[in-house]
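User: Please pick one part of this model and take me through it closely, starting with a single residue and working outward. I am in my first year, so plain steps would help.

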Amino acid sequence: MWNTQAIALTLVLTSTFASAAIFPKDTVVKMLDPKGFRKVMKANETTMVAFVAPWCGHCQRMAPEYSKAALGLYPLIPTYAVDCDADANKRLCHDQGVQGFPTIKLYPRGKQLNPLTYDSGDRSSSSFFYWASRRVPNHIKKIGQLDDIQRWVEESAERGLPRALLLTKEKIIPLLWTVLGNKFAGKIELASHRDRKGKSSVAMGYEAGEQKSSKVLIYAPGSTTPVRYEGINKLDSLSKFFESVIDGTADLKAVNEEAASEEFVPDEAELEIERKQEAQRIALAHGGFANFIDFEDALKKGHNPHGSQGYPGMMGDMPKKMKEPESESKVAESMVETGDAKEQASFAASSAEVPAPTAAHTPEPSEVPTEETEASKPEPASAPKDEL
């Protein structure tokens, strides 16, 4: 018998992630109509959209893989689908140049940049994942040495924009930071410095920090004095904070105090997504599936797309405690520890059961709603333009 929490979670997932018949019922892929598509394109963010038809056999076989990739990218790169067989969507599909199914397009920055079309015959989840995550436009200034930080601070102060510096212990710039850099390009300058052992932090007057900790420093327009961001290193929290400071007139201290007061209350639906991501990562760690070998190899080399923490959209450690609403001084029980498994990036799985890989993958042509078929180009995915 289902308990109230399970029922609530089911309702949240059902209402939030609507899906066509070809996608798993618990997918994070959201279906779009023309109105929803226009809304998505207004946002300054990278999105992936699959244009499909329910009767298309290739779409049906692709859908589970696409859904796994969507889970791995969630929530940093929103993933959508459009049912081109629906009368209300046919004009949209035509306007987007869809000639065969499935057609996968990446919109690097909403309607501001031309979309990219996925032209590889490999329709595996890892291929979709890499193709999307490596093509988020890079607006991050990478600062290698401690001495270069002050130089960047002084030079950027003359440009009159707020600036944000990430001190991270990750080998590469976290995808979250790249996503924020793309979203706020032209409004806030973002930079990143690898502070592997915390020595740069100490030199700048901060603590070295724990193994997976990150620090975000904010500089007001024209200022060379940083204010340390005290909020949660999560996509929605950082986005809200950045929105508050982009006009350059906000009181950084007041905005920061508001950010610091935010309670971290894990959402049940998000925790369920995290559990699925982690289940797939564990399968990978045990050498489970041939079509994920390249992804696992990348993890071993330190290419960690989400950072050390697996909670969706978060960078660094999940806060272990949260404040009670009645009293700021009262501390609730510690969050459930997720263990050493969070050392690796989480990746996509719609369910714990994944079909065994075939010996070899043969690219299939796309299908069109006529007697003719348009062959997808079988050449391998090109080298990423924006290596993370």
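Analyst: Let's begin with aspartate 87. In this predicted model, aspartate 87 is exposed, with a relative accessible area of 64%. Its partner is lysine 90, which is partly exposed at 41%. The two side chains meet in a salt bridge, with N and O 3.3 Å apart. The general idea is simple: side chains of opposite charge can pair when their charged atoms come close. Exposed means over 50% relative accessible area, so at 64% aspartate 87 gets that label, while lysine 90, at 41%, is called partly exposed.

Now look at the neighbourhood. A disulfide joins cysteine 84 to cysteine 93, with the sulfur atoms 2.0 Å apart. Unlike a salt bridge, this link is a matter of covalent bonding: a disulfide is a covalent bond between the sulfur atoms of two cysteines. The angle about the S-S bond is -90 degrees, which makes the link of cysteine 84 and cysteine 93 left-handed. Both of these cysteines are buried. How many disulfides does the count come to? The count comes to one. Two other cysteines are buried as well: cysteine 56 has 0% relative accessibility, and cysteine 59 also has 0%.

Helix 4 covers residues 90-95, and the loop between helix 4 and strand 4 (103-111) holds proline 102. The peptide bond from phenylalanine 101 to this proline is cis, with omega near -10 degrees. For context, most peptide bonds are trans. A second cis bond runs from tyrosine 74 to proline 75, with omega near -5 degrees. Proline 75 sits in the loop between helix 3 and strand 3 (79-83).

Helix 4 also takes part in covering helix 2. The buried residues of helix 2 (residues 34-42) are Gly36, Phe37, Val40 and Met41. Viewed down the axis of helix 2, these buried residues fall within an arc of 135 degrees, so they line one face of the helix. The cover over them includes strand 2 (47-52), strand 3, helix 4 and strand 4. On the face turned away from the buried side, helix 2 carries the exposed residues Lys35, Lys39 and Lys42.

It helps to set the first salt bridge beside others, since the structure holds 10 of them. In one of these, glutamate 189 pairs with arginine 159, and the closest N and O atoms are 2.8 Å apart. Glutamate 189 belongs to strand 8 (residues 189-194) and arginine 159 to the loop between helix 6 (146-157) and strand 7 (163-168), so the pair ties together parts that are 30 residues apart in sequence. Is glutamate 189 buried or exposed? At 16% relative accessible area, glutamate 189 is buried, whereas arginine 159 is partly exposed at 48%.

Another salt bridge links glutamate 272 and arginine 275, with their closest N and O atoms 3.1 Å apart. Both lie in helix 11 (residues 268-285), three residues apart, which is about one turn of the helix. The general geometry explains that spacing: an α-helix has 3.6 residues a turn, so residues three or four places apart point the same way. Buried requires under 20% relative accessible area, so glutamate 272, at 21%, counts as partly exposed. Arginine 275 is partly exposed too, at 46%.

Finally, let's step inside. The largest nonpolar core has 69 residues, and Trp177 and Phe242 have the most contacts within it. Helix 3 (residues 57-73) gives the most to this core, with eight residues. Leaving out residues up to four places away in sequence, Trp177 touches ten side partners in the listing, among them Ile140, Leu190, Val216, Phe242 and Met315. There is also a second, separate core of 10 residues, which includes Trp152, Leu165, Ala191 and Leu217.

And the whole chain? It has 12 helices and 12 strands, and 51% of its 388 residues count as buried. Among contacts with a separation of 6 or more, 76% are between residues 24 or more positions apart. The protein chain exposes about 19,100 Å², with carbon and sulfur atoms supplying 51% of that area.

Notes:
Residues numbered from 1 in each chain as written. Predicted model: local features only at pLDDT ≥ 70, side-chain atom pairs only at ≥ 80, totals over all residues. Heavy atoms only, no water. Core = buried A, V, L, I, M, F, W, Y, C linked by side-chain atoms within 4.5 Å. Buried < 20%, exposed > 50% of the residue type's maximum accessible area, 1.4 Å probe, protein only. Helix = DSSP H or I, 4+ residues; strand = E, 2+ residues; numbered from the N terminus. Contact = heavy atoms within 4.5 Å. Salt bridge = Lys/Arg side-chain N within 4 Å of Asp/Glu carboxyl O. Disulfide = S-S within 2.5 Å. Areas by Shrake-Rupley, 256 points an atom, 1.4 Å probe, with all protein chains shown as cover. Arc of directions from axis to C-beta.
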